[in-house]
Amino acid sequence: MADTDSITLSQDDINLVLKTVRKENAAHDKADALLGIGLSQSDLDKLFNGKPEFIAQEKPAPLSPEDKRAAKIAERKARAAALLAKVNAESPKRLYAIYGTVLLPGAQVSKLAPGSTLELDRSPETAADIMLDDKVIARGFLETKDGHCSVRITETLRI
């Protein structure tokens with residue numbers, strides 16, 4: 001159900017990822033400047049694993065400074081997207097099961113008391129919406145399992 005096109009992170013998560021990417025990029029830039037080389041990690045892996053296709057390849061034509069910059073930016077964006085996807089996949093998400101809603105005037109809300117009944121906008125046979133970040137991601141029916149209220153998922157929607 002996870003989709004890398006929809007990533008939800010807190011501002012602290014984003015700041016941490018950006019700080020990490022900037023730190024890695026600075027270290028790579030410094031190492032490249034000191035050594036005077038610009039091999040990618042995959043090139044280094046091929047070289048040290050002794051794969052002959054690395055040695056047999058012709059050198060590509062030199063890139064213009066603009067192309068080098070664009071390639072470096074694209075690589076950094078790809079690394080940042082992969083890191084964001086990993087952080088998003090590992091971070092906990094709070095899901096909500098919405099069985100129905102009702103719109104009440106403030107005066108009626110303040111009069112709610114134990115024993116009050118709210119008429120929801122759905123029939124009892126309608127599936128509950130499972131929501132993540134104000135988006136419906138699934139639907140299901142209420143059940144009880146091990147003494148707890150639960151929702152049996154009957155439909156998943158693309159996030």
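A salt bridge, as the term is used on this tour, is a side-chain nitrogen of Lys or Arg within 4 Å of a carboxyl oxygen of Asp or Glu. Side chains of opposite charge can pair when their charged atoms come close.

The structure in your viewer is a predicted model, in which local features need pLDDT of at least 70 and side-chain atom pairs count only at pLDDT 80 or more, while totals for chains, interfaces and linings use all residues. Residues are numbered from 1 along each chain as its sequence is written, and side-chain values use heavy atoms, with hydrogens and water left out.

**The whole chain**

Begin with the whole protein selected and coloured by secondary structure: there are five helices and four strands, where helices (H or I, at least four residues) and strands (E, at least two) are DSSP runs, numbered from the N terminus. Followed along the sequence, these elements come in the pattern α-α-α-α-β-α-β-β-β. The protein exposes about 12800 Å², of which carbon and sulfur atoms supply 57%, with areas taken from the Shrake-Rupley method with a 1.4 Å probe, and for residues only the protein chains shown counting as cover. Of the 159 residues, 12% count as buried, a word that here means under 20% relative accessible area, as opposed to exposed, over 50%, and partly exposed, in between (1.4 Å probe, protein chains only).

Next, colour the model by pLDDT, the predictor's confidence in each residue, from 0 to 100. The average is 78, and 71% of the residues score at least 70. Select helix α3 (residues 52-56), where confidence is lowest, at a mean of 47, and then helix α5 (residues 106-110), where it is highest, at 92. Where pLDDT is low, the predicted coordinates should not be read in detail.

**Helix α4**

Move now to helix α4 (residues 65-90), in which arginine 79 and glutamate 75, being four residues apart, are separated by about one helical turn. Show their side chains, and you will find a salt bridge between them, with the closest N and O atoms 3.1 Å apart. Arginine 79 counts as partly exposed because its relative accessibility is 25%, and glutamate 75 counts as partly exposed as well, at 43%.

**Strand β2 and its neighbours**

Select strand β2 (residues 128-132), which is largely enclosed by the rest of the structure, because five of its five residues are buried. Ala128, Ile130 and Leu132 point one way from the strand, whereas Asp129 and Met131 point the other way.

Add strand β1 (residues 96-98), which pairs with β2 in the antiparallel sense over three bridges; two strands are said to pair if DSSP finds at least two bridges between them. Within this pairing, tyrosine 96 has methionine 131 of β2 as its bridge partner.

Then add strand β3 (residues 135-145), joined to β2 in the antiparallel sense by five bridges, with alanine 128 standing opposite glycine 140 of β3. The strands β2 and β3 form a hairpin with two residues between them, and aspartate 133 in the turn has a positive phi of about 50°.

**Across to strand β4**

Extend the selection to strand β4 (residues 148-156), which runs antiparallel to β3 and is joined to it by eight bridges. These two strands also form a hairpin with two residues between them, where aspartate 146 in the turn has a positive phi of about 55°. Show the side chains of glutamate 143 and arginine 152, which meet in a salt bridge (2.6 Å, N to O). Glutamate 143 is partly exposed, with a relative accessible area of 33%, and arginine 152 is likewise partly exposed, at 42%.

**The charged network**

For the last stop, select aspartate 129 and arginine 139, whose salt bridge has its closest N and O atoms 2.9 Å apart. This pair links distant parts of the chain, with aspartate 129 in strand β2 and arginine 139 in strand β3, ten residues apart. Arginine 139 is also the bridge partner of aspartate 129 in β3, and arginine 139 stands opposite glutamate 155 in β4. Aspartate 129 is buried, with a relative accessible area of 10%, whereas arginine 139 is partly exposed, at 27%. Add Arg122 and Glu155 to the selection, and you have the four residues, Arg122, Asp129, Arg139 and Glu155, that are linked in a network of salt bridges. The structure as a whole holds five salt bridges.
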